[in-house]
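Welcome, and thanks for taking a look at this one. Below is a short briefing to read alongside the model.

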Number of protein chains: 2
Amino acid sequence: MTKASKRRLSRRALLAGTASAVSAGVLSGQDNASDPTKVQGELATEVGERSRHETPKRSYFSSARSGSNTPLQDLEGTITPSDLHFERHHGGIPDIDPDNYSLLIHGMVKQPRVYTLPELKRFPARAMTRFLECSGNGFRTYRNPEANREKTPQDIEGLTSTSEWVGVPLKTLFEEVGVLPEAKWFLAEAMDAAVMTRSIPVEKAWDDAIIAYGQNGEAIRPEQGYPARLFLPGFEGSSNVKWIRRIELAAEPFMSREETSKYTDPLPGGKARMFSFVMDAKSVITYPAYPVKLPDQGFWEIKGLAWSGRGKIVRVDISTDGGRSWEKAELQNPVLPKCHTRFRFGWEWDGRPATLMSRATDETGQTQPTLEALKQVRGEGTIYHYNHIRAWTVRGDGSVVFGEKA
Amino acid sequence: MTKASKRRLSRRALLAGTASAVSAGVLSGQDNASDPTKVQGELATEVGERSRHETPKRSYFSSARSGSNTPLQDLEGTITPSDLHFERHHGGIPDIDPDNYSLLIHGMVKQPRVYTLPELKRFPARAMTRFLECSGNGFRTYRNPEANREKTPQDIEGLTSTSEWVGVPLKTLFEEVGVLPEAKWFLAEAMDAAVMTRSIPVEKAWDDAIIAYGQNGEAIRPEQGYPARLFLPGFEGSSNVKWIRRIELAAEPFMSREETSKYTDPLPGGKARMFSFVMDAKSVITYPAYPVKLPDQGFWEIKGLAWSGRGKIVRVDISTDGGRSWEKAELQNPVLPKCHTRFRFGWEWDGRPATLMSRATDETGQTQPTLEALKQVRGEGTIYHYNHIRAWTVRGDGSVVFGEKA
């Protein structure tokens with residue numbers, strides 16, 4: 001055990017006396033009704049439920065309930081429980097009967113084909129644990145951090161989650177239909193009320209794209225695209241088209257609404273970055289963060305998540321002095337590519353105001369810029385791909401707020 | 001794509017005509033009410049639910065509902081959804097208020113201590129994705145495989161599951177209390193109506209034991225020990241004491257009921273193996289398995305899970321001819337130690353009866369024995385630690401039954 005935690009424990013009330021006195025003190029003092037050792041417990045169930053003392057909840061993305069945010073500050077490890085995975089939809093969640101589901105692949109192919117769900121599941125499967133992040137994640141604090149001092153990690157960064165995804169490699173299907181060499185892009189079209197469409201470069205299919213039907217061990221959830229979705233590891237959320245019903249191969253991108261008026265990154269001077277699919281290296285501290293109030297000085301573990309659409313996270317640096325000095329955090333093994341990576345950093349809080357920051361670096365060498373550096377390149381108007389360094393400030397009274405100022 | 005699946009697809013009805021005809025055929029033909037693209041979908045929710053078309057369920061371990069089995073045949077990948085994790089309890093599931101929870105550590109220690117839940121969570125955490133298996137898993141078919149031809153993987157092997165577990169290393173707490181050198185064992189005691197107790201060698205605490213409070217990203221579930229349990233990677237389920245309230249260090253094991261009358265392995269001649277904690281290398285085929293009926297010949301992917309309490313699985317061999325010949329299956333990456341490892345094997349079924357077997361080997365070289373070999377060592381009376389090779393037989397009509405005979 002570290003010196004820090006020893007100090008901490010020595011400050012606390014310690015039990016005096018012999019072990020048996022300790023034992024008596026702990027194990028008695030409850031009446032039978034509230035003593036779980038005195039009453040028969042609940043019997044087994046077909047499907048379990050959370051403890052009534054644990055009520056993690058997604059928060060709504062907007063008043064229109066067009067999405068919801070994952071409660072990052074309530075979670076441990078790297079997996080996001082499927083019922084708490086963030087959601088975002090443009091026409092609500094369709095109710096799809098899997099018996100009526102099929103996926104058409106056509107366009108610049110030798111032989112167009114339609115696949116039912118059992119047909120998709122019959123192919124060799126591939127599984128991978130990967131993050132998924134909405135490209136707009138973090139939009140609240142890019143322009144106006146000061147107005148968001150009292151927001152949680154969920155409020156600010158909750159549009160990112162991690163699952164074990166299972167499906168058929170898109171490569172398998174593209175080989176089956178015989179994609180023509182002239183085909184450079186494909187349209188992915190959803191079976192929802194928005195008929196969501198995105199154009200994706202064919203290379204992604206030859207690389208690691210899957211048509212996913214499994215999530216965290218079970219069937220994909222309705223809000224994640226039941227019965228099947230496109231999953232593009234490391235690409236921005238909206239391009240991972242859910243409820244996918246049609247793929248059309250073509251020589252050029254289709255220039256649909258969601259890649260022209262939306263999901264482009266405006267730049268200073270009236271230009272814009274288009275098809276900026278890959279999510280950049282990023283990290284968020286999930287503890288301590290608003291609304292936590294540290295009860296006392298001493299040892300606290302700074303915890304959070306880091307990820308990159310380009311590959312593995314190789315290091316996360318932590319600053320507790322607002323970016324003047326940095327130290328390496330510990331990464332939870334195994335570190336997987338394009339996946340939430342849990343980091344932990346033992347911190348001895350001396351009771352004075354402290355500004356906590358995290359900075360992730362991925363295996364391609366990409367690291368997080370400061371907010372100022374990002375704004376210099378992108379300007380004030382950009383609305384996607386915010387991977388700048390974030391800060392939480394611990395005040396002298398132990399309360400924690402977003403941003404660099406106490 | 002493999003030749004096998006090309007053959008398969010060529011046997012199916014293919015869509016004729018141009019892509020646009022294909023498109024029209026697939027995308028029309030539904031009235032507006034049943035066409036999800038014509039109606040606004042459901043809005044976001046705070047906690048999601050499964051599709052109404054997906055209803056995986058645990059099955060009861062016994063008529064007393066003292067446990068339940070994971071629906072292995074319904075699952076993909078390696079993670080078990082927390083609400084489908086197998087359960088086993090000896091006095092029901094206690095209802096524990098985390099505010100009333102504490103863990104006492106005493107006995108042969110320099111300074112006994114009591115830890116509240118926030119105190120346990122304040123220590124540096126450790127996370128690991130690991131299997132947990134009841135040592136009696138597989139008991140149905142050891143003595144009488146013939147009576148269990150029409151049982152599912154869940155019925156036969158459902159007392160095993162995998163989660164990402166998070167907690168404080170027991171090593172940290174043992175250093176805090178100052179475990180004395182004479183202490184070689186510790187008692188772990190539960191806060192349930194059975195006051196479940198097991199004796200564990202101290203070495204396991206110095207190695208990889210944790211007091212777990214997190215499971216698959218969230219708080220541990222009630223049936224898994226909420227708010228905290230002992231988790232001993234690779235050790236038989238019952239030793240991973242749930243709802244843990246007390247740890248007592250001692251020079252000798254305590255010889256409690258659950259390690260004397262139960263959880264010992266009777267041997268021929270009236271002797272018994274005691275404290276046989278480590279779960280052996282094992283594997284189960286989850287597809288195809290009863291009650292699946294393969295609709296046609298051609299390519300099918302044989303899928304299943306392999307694991308070992310001793311470390312990583314290094315290979316899984318598959319036989320489709322009842323053990324005469326074996327071929328290597330593909331393992332899903334990353335392969336983690338003491339964790340369910342998904343294996344997949346592409347199989348071309350020729351329509352004749354076939355007996356499928358899987359055989360796992362771990363990094364220590366341990367592999368699965370045949371049922372006959374295991375019985376020779378353990379005799380008929382043993383009731384724990386069944387890691388022999390299992391078989392499923394595919395009949396000529398495509399139906400699948402447990403065992404080696406069609």
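**Briefing: domains, copies and a helix**

An automatic or database assignment splits chain A into domain 1 (67-152 + 160-257) and domain 2 (282-402). Please keep in mind that this is a predicted model. The points below go from the domains of chain A to the pairing of the chains, and then to a helix of chain B.

**Domains of chain A**

- Between domain 1 of chain A and domain 2 of chain A, the C-alpha centres are 28 Å apart.
- Each domain brings residues to their contact: 24 residues from domain 1 of chain A and 24 residues from domain 2 of chain A.
- On the domain 1 side, strand E6 (126-133) and helix H4 (139-143) of chain A are the elements giving two or more residues.
- H4(A) supplies the largest share of that side, with 4 residues.
- By type, the domain 1 side has 7 nonpolar, 12 polar and 5 charged residues.

**Chains A and B**

- The contact between the chains draws on 91 residues from chain A and 91 residues from chain B.
- On the chain A side, these are 39 nonpolar, 28 polar and 24 charged residues.
- Chain A superposes on chain B by a rotation of 180° with 0.0 Å of shift along the axis (RMSD 0.0 Å).
- The two copies are therefore related as by a two-fold rotation axis.
- Both copies use the same surface, since 100% of the contact residues of chain A recur in chain B.

**Helix H6 of chain B**

- In helix H6 (residues 170-177) of chain B, the buried residues are Leu170(B), Thr172(B), Leu173(B), Phe174(B) and Val177(B).
- Their cover includes strands E4 (102-107), E5 (113-116), E7 (160-169) and E10 (210-215), along with helix H7 (202-207), of chain B.
- After H6(B) comes Gly178(B), with a positive phi near 70°.

Definitions and conventions
Residues numbered from 1 in each chain as written. Chains lettered and ligands numbered in written order. Predicted model: local features only at pLDDT ≥ 70, side-chain atom pairs only at ≥ 80, totals over all residues. Buried ≥ 20, exposed ≤ 12 C-beta atoms within 10 Å, placed from the backbone. Contact = placed C-beta atoms within 7 Å. Nonpolar A, V, L, I, M, F, W, Y, C, P; charged D, E, K, R; others polar. Least-squares fit on C-alpha atoms with pLDDT ≥ 70 in both.
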